Amino acid sequence: MSSESEEQQLSKKAAKKEAAKLEKARRRQEAASLASSTSSLSVEEDPHSSNYGDVPLLELKSCSQADAGDWSRAIASMTWTEVGALTQEMKETEVLIRGRVQTIRPVGKNMAFLVVREKGFTVQCLATAQSDGVSRQMVKFVAGLNRESIVDVIGVVSIPDNPIKGATQQEVEIRVCKLYCVNKATPTLPINIEDAARSDAEIEIALQSGVQLPRVNQDTRLNYRVLDIRTPANQGIFRIQCEVSTIFRQFLLSENFVEIHTPKLIAGSSEGGSAVFKLDYKGQPACLAQSPQLHKQMSICGDFGRVFEIGPVFRAEDSYTHRHLCEFTGLDVEMEIKKHYSEVMDIVDRLFVTMFDSLNERCRKELEAVGKQYPFEPLQYKPKTLRLTFEEGVQMLKDSGVEVDPLGDLNTEAERKLGQLVLEKYGTEFYILHRYPLAVRPFYTMPCYDDPLYSNSFDVFIRGEEIISGAQRVHVPDYLAERAQACGIDVNTISTYIDSFRYGAPPHGGFGVGLERVVMLFCALGNIRKTSLFPRDPQRIAP
């Protein structure tokens, strides 16, 4: 091939590449107004080119030299400020923030607005070519950024004439002095964060005005969960979840509990039944633990006195409901009982009242962010938690015309109805129902002293749904084996568990609660998949 034809081929390839670049630029709404204009100066010729641009990979390799490049030099002596911490008191202060580009709005050749988001909080930034150090090329660079790209912005805090409705930090704005793109997002995103953050109410109001806004359904959200969890509501949900587990741990440690970590690979079922994930363990049959029940009891037999665990729990049941998952985070407690199983309920009472008080106090911004997309009424609860016996609950249902089996379990409809009745009569959405029928409880539950048809057990409810199940345990080995056989459990698979009580065991009891369910019900979210970071249900094992 002649050199002339090679040059022609290269020219064609270059022309195709250039055409593709122009087509991408044309499709970007944010850069549309600038597509027809080309700066007369290149970046290299721009005297302010050091104030903006893509950060080179060399500098992103945690280069220790402050003079490695423009970005490194610009941020070297500055302190980071979180977007959520920006206030009016910082007026005329130069700040350095990092966040994602949420929206971009170019205004001619000399000005571009962009909203930067960090951890659910947003602030409007303004790049204008009339400012010192800001050129037209820089404005064009800002206007051409892809949404969700990560940028570092150095600018001066100013107070806008009117509150900025398109940002959470409505009373402040940042006049951009320098801006660097740390990481580019792809130009086309599978879901738009603004769409994913929109409430049903906003969609309905727009529809009434003749505007159909996109609605992101649940499966799409979960398929692209890494994008979905960037919304302000999801940022709030999982920070609230973090606070729940933190309060759980701190409260129990203050009550002389010891945190333990039990195995999730076990030889037999820990709860009874067939809803277990079975696996081969080096040629031996095994399964994933349905709960830490057996091992937390063994820890009590090991003289820890009071123990708790925060860890994964696995259930293989085919439940397609709004509140069941195949894997969730269990908050489990076990403790020695000195005299009466009400001691366990006392811990539940004080623990959850403390938790609710702390969430309302510490997570105001997060609760507000959740409520904006998923409106809900604050949970009603009392300083001293209401306790009703199972028989009292059944009687309340009967009095309202709902017939239930007095020795059976309550179904979902009965639980919700009882929740309504309790709220109407006692003014609380959080209560304890105890002395459940023995037939509906696990094999290790202690029967009542005065009636063998009932047990020393309890459930706890929020907004008419069960979140906690607890009880006094059977700690007498021969009776424990008898109960296991009666419930269809092969005693040989739990022989080490039963044997642990042959060496001397104190009376004890405990409870378990699902972390995701607590957050779901506290915030009235309606579906547990909203409070599971990467849900695992019968139909989903990715991402």
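# Reading sheets and cores in a predicted model

In β17, Gly512 is the bridge partner of Asp332.

Me: Before we go into that pair, what kind of model is this, and how many helices and strands does the protein have?
Reply: It is a predicted model. The protein has 17 helices and 17 strands. Its C-alpha trace spans about 95 × 60 × 45 Å along the principal axes.

Me: Back to Asp332 and Gly512, then. In which sense do strands β12 and β17 pair?
Reply: The general idea is that strands of a sheet pair through backbone hydrogen bonds, either parallel or antiparallel. Here, strand β12 (residues 327-336) and strand β17 (residues 508-514) pair in the antiparallel sense, over 7 bridges.

Me: Which sheet do they belong to, and in what order do its strands come?
Reply: They sit in an open sheet of 8 strands with mixed pairing, in the order β7-β11-β12-β17-β16-β15-β14-β13. At the edges stand β7 (258-259) and β13 (386-389); each has a single partner strand, so one side of each is left without a neighbour in the sheet.

Me: Let me try a strand inside that order. How many residues of β15 are buried?
Reply: For strand β15 (residues 457-462), 6 of its 6 residues are buried. Look at the two faces in turn: Ser457, Asp459 and Phe461 lie on one side, Phe458, Val460 and Ile462 on the other, and all are buried.

Me: What joins β15 to β14 and to β16?
Reply: On the β14 side (residues 430-434), 5 bridges join the two strands, which run antiparallel; Ile432 has Val460 as its bridge partner there. With strand β16 (residues 465-472), β15 pairs in the antiparallel sense over 6 bridges, and Ser457 stands opposite Ala471. β15 and β16 also form a hairpin with 2 residues between them, where Arg463 in the turn has a positive phi of about 50°.

Me: Now the cores. Which residues have the most contacts inside the largest nonpolar core?
Reply: As a general idea, nonpolar side chains tend to be buried together in soluble globular proteins. The largest nonpolar core here has 54 residues, and those with the most contacts inside it are Phe248, Phe352, Met355, Phe458, Ile467, Ile468 and Phe511. Apart from it lies another core of 28 residues, among them Tyr52, Ile104, Ala112 and Val151.

Me: What does Phe248 touch, leaving aside its neighbours within four places in sequence?
Reply: Its contacts include Phe308, Ile310, Leu331, Val333, Leu351 and Met355. Asp332 is in contact with Phe248 as well, which brings us back to the residue we started from.

Me: Let me practise on β4. Is it enclosed or open?
Reply: 7 of the 8 residues of β4 are buried, so this strand is largely enclosed by the rest of the structure. One of its residues is Thr128, which is buried with a relative accessible area of 13%. Leaving aside neighbours within four places in sequence, Thr128 is in contact with Asn110, Met111, Val134 and Val139.

Me: Which strands pair with β4, and in which sense?
Reply: Strand β3 (residues 111-118) is joined to β4 by 8 bridges and the two run antiparallel; the bridge partner of Arg117 is Thr122. Their hairpin has 2 residues between the strands, and Lys119 takes a positive phi near 55°. Strand β6 (residues 173-183) pairs with β4 in the parallel sense over 3 bridges, with Ile174 as the bridge partner of Cys125.

Definitions and conventions. Residues numbered from 1 in each chain as written. Predicted model: local features only at pLDDT ≥ 70, side-chain atom pairs only at ≥ 80, totals over all residues. Heavy atoms only, no water. Helix = DSSP H or I, 4+ residues; strand = E, 2+ residues; numbered from the N terminus. Buried < 20%, exposed > 50% of the residue type's maximum accessible area, 1.4 Å probe, protein only. Contact = heavy atoms within 4.5 Å. Core = buried A, V, L, I, M, F, W, Y, C linked by side-chain atoms within 4.5 Å. Pairing = 2+ DSSP bridges.
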